[in-house]
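Subject: Structure handover

Hi,

Here is the structure I promised to pass on. My notes follow below it, and I hope they are handy when you open the file.

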Amino acid sequence: MDIGFIGLGKMGFPMARRLIEAGHHLIVFDTRKEVVEQLAARGAEAGTSPRDVADRAETVMASLPSLQASLEVATGAGGVIEGKRVKRFVDLSTVGSQMAVRIHDLLAKRNIVQIDSPVSGGVAGAEKGTLAVMVSGPRGEFETVKRALEVIGKVFFIGEKPGAGQTMKLANNFLSATAMVATSEAVVMGVKSGLDPKVMIDVINAGSGMNTASRDKFPRSVLPRSFDFGFATGLMVKDVRLALEEMKSLGLSMEVAEAVGRLWEVVIRDEGAESDFTAAIKPVEKAAGVVVGGKAGGIAAK
Ligand code: NAD
């Protein structure tokens, strides 16, 4: 099918590439020209603006880094909302349910259907087509885009309520954020007392403490101290803040989420929004006076 694709970053680029390889005809746009050119070299058509993309495709997908970017691309001047051909806007970004509903309502005035479709599984999942894809929107519209979404991962229909996919995604990412900081504290505790962090991670992964941070993030990006997992701290903090807002708007007070939120605010303050989110261990190490992993094999080092 003809698919417009806006936002060709760490996630968007491999998702768009997979759609091209699966035989879809893509019209792509990003504010960074070089990535548009790279996909044009692989057979995509280069778009010149969100509106231009929406002039040329009934289905427009987007993978954008902030709530503001999704709002502007979808509903701003020169945005998807002004496109002549577009019928549905599939937002693969994480924007939270309130923003998803806002975009849904604005697009509905122009008879454009918003399909919420946040994803989980990281850059590796986007490369391999193994993401979890959490879709909400009208059932019939979901059926129209289902086969294309299956190219990027395992597709789950969450419900018809606008924003439902976002609520699902925030629950997932709250757990991912918690795993990262909780595992950092557990490993720093061990290293401070003289344990080998590599052995710790092997034991945790063979035991009941195993989680996505111990399984994927520590072996690949923390123990080698490469801090290159591919998800920015700024994006993780965006998701944690959105999860807290979502809980508050539902009248809930969440003890763990509040504590996790405070820790991530320290990470973004100390390491910066552009750092990789696996750098979350650094403030914990600093406070404890140890370094985990690295060339020394990762035994406690001052
Ligand atoms: P990214 O910053 O790597 O990519 C965003 C892309 O959007 C960039 O190429 C940027 O140039 C482009 N862009 C920004 N503003 C634009 C605009 N106005 N018009 C057109 N293009 C614009 O971000 P990412 O890591 O690919 O994340 C994208 C979304 O996916 C975010 O909502 C994020 O929370 C979510 N997500 C990311 C991961 C991950 O592991 N990186 C995993 C799951 C979900």
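In helix 1, the buried residues (under 20% relative accessible area, with a 1.4 Å probe and protein chains only) are Gly 12, Phe 13, Pro 14, Met 15, Ala 16, Arg 17, Leu 19 and Ile 20. That helix spans residues 12–21 and is mostly covered, with 8 of its 10 residues buried. Just after helix 1, Gly 23 has a positive phi of about 100°.

Before going on, a word on the source: this is a predicted model, in which local features need pLDDT of at least 70 and side-chain atom pairs count only at pLDDT 80 or more, while totals for chains, interfaces and linings use all residues. Residues are numbered from 1 along each chain as its sequence is written, and side-chain values use heavy atoms, with hydrogens and water left out.

Next, the chain as a whole. It has 13 helices and 9 strands (DSSP runs numbered from the N terminus: H or I of at least four residues for helices, E of at least two for strands). For 302 residues, a compact globule would have a radius of gyration near 19 Å (over C-alpha atoms, 2.2 Å times the number of residues to the power 0.38), and the 20 Å of this chain agrees with that. Its C-alpha atoms fill a box of roughly 65 × 45 × 30 Å along the principal axes. Buried residues make up 52% of the 302. Of the contacts (heavy atoms within 4.5 Å) between residues at least 6 apart in sequence, 64% join residues at least 24 apart.

Helix 11 may interest you too. It covers residues 233–249, 17 in number, and reaches 24 Å from its first C-alpha to its last, close to the 24 Å expected at 1.5 Å a residue (1.5 Å times one less than the number of residues). Its buried residues include Met 236, Val 240, Leu 244 and Met 247. The buried residues of helix 11 pack against helix 4 (67–75), helix 5 (96–108), helix 8 (164–192) and helix 12 (255–271). Just after helix 11, Gly 251 takes a positive phi of about 80°.

Lastly, is Ile 27 buried or exposed? Ile 27 counts as buried because its relative accessibility is 1%. This residue lies in strand 2 (residues 25–29). Leaving out residues up to four places away in sequence, Ile 27 touches Ile 3, Gly 4, Phe 5, Glu 45, Gly 47, Val 53, Arg 56 and Ala 57.

Best wishes

Key
Buried means under 20% relative accessible area, exposed over 50%, partly exposed in between (1.4 Å probe, protein chains only).
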